[in-house]
Amino acid sequence: MVPAINPTALIIDDTGLLKDGDASVCVSRQYTGTAGKVTNCQAGVSLHLASDTASAAIDWRLFLPRSWDPASPQADLAKVARRERCGIPPDVGHVEKWQLALDMTDESRFWSVDAPLVVADGGYGDTAAFRLGLEERGLQYVVGTSTTVTAHTHDATPCPSSHSGRGRPPQPAYPQAPRSFK
């Protein structure tokens, strides 16, 4: 697909496959943008090549929720029991969607797929580990973020609070405003 598309970006996204029952592999109640709410679905993470004129999915990963992972404290015994019937190998566990996306990005680079930019929505952009993973790989990126994400200058250092957590927190100490001279 690389010669046909001449990609200018790799696009990372996920989609929900809505389900009525629970017989399909990795079905769980989880948020999906497909429905715009928490509902019963499977979730797949995808990697697409894109240019101004074309796009194509080149990699997909099925998301295994924590409820399907026997090692997770959130494991659902009924779902864990269905793993073998669904063909999930015993060594496969929960992996965050952002990590699946980085794994697919690495795989595409192994295939000699090169695009100058990675694009993802806020579901990925809100995760600092995902952004750092792209930076560690030397990849330029444009990602969405929610209104709760903050940005700081490169030389910013966290200031720990002197509040012990008991009682009322201390009032901020500000220098007194300068007196005006007449």
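Biologist: Is R61 buried, exposed or partly exposed in this predicted model?

Modeller: Buried means under 20% relative accessible area and exposed means over 50%, with partly exposed in between. R61 has a relative accessibility of 23%. R61 therefore counts as partly exposed.

Biologist: Which residue meets the side chain of R61 in a salt bridge at 3.6 Å?

Modeller: Side chains of opposite charge can pair when their charged atoms come close. The partner of R61 has a relative accessibility of 10% and counts as buried. At 3.6 Å, N to O, the residue that meets R61 is D59.

Biologist: How many residues apart in sequence are the parts that E96 and R66 tie together?

Modeller: The side chains of E96 and R66 form a salt bridge at 2.5 Å, N to O. E96 lies in the loop between helix 2 (77–86) and helix 3 (97–110), and R66 in the loop between strand 4 (55–62) and helix 2, so the parts tied together are apart in sequence by 30 residues.

Biologist: Where does R137, the salt-bridge partner of D106, lie?

Modeller: The side chains of D106 and R137 meet at 2.6 Å, N to O. D106 lies in helix 3, and the pair ties together parts that are 31 residues apart in sequence. R137 lies in the loop between helix 5 (128–136) and strand 6 (141–143).

Biologist: Which residue is joined with D59 and R61 into one network?

Modeller: The structure holds four salt bridges. Salt bridges that share partners join D59 and R61 into one network with a further residue, E107.

Note on methods: Residues are numbered from 1 along each chain as its sequence is written. This is a predicted model: local features need pLDDT of at least 70, side-chain atom pairs count only at pLDDT 80 or more; totals for chains, interfaces and linings use all residues. Side-chain values use heavy atoms; hydrogens and water are left out. Buried means under 20% relative accessible area, exposed over 50%, partly exposed in between (1.4 Å probe, protein chains only). Helices (H or I, at least four residues) and strands (E, at least two) are DSSP runs, numbered from the N terminus.
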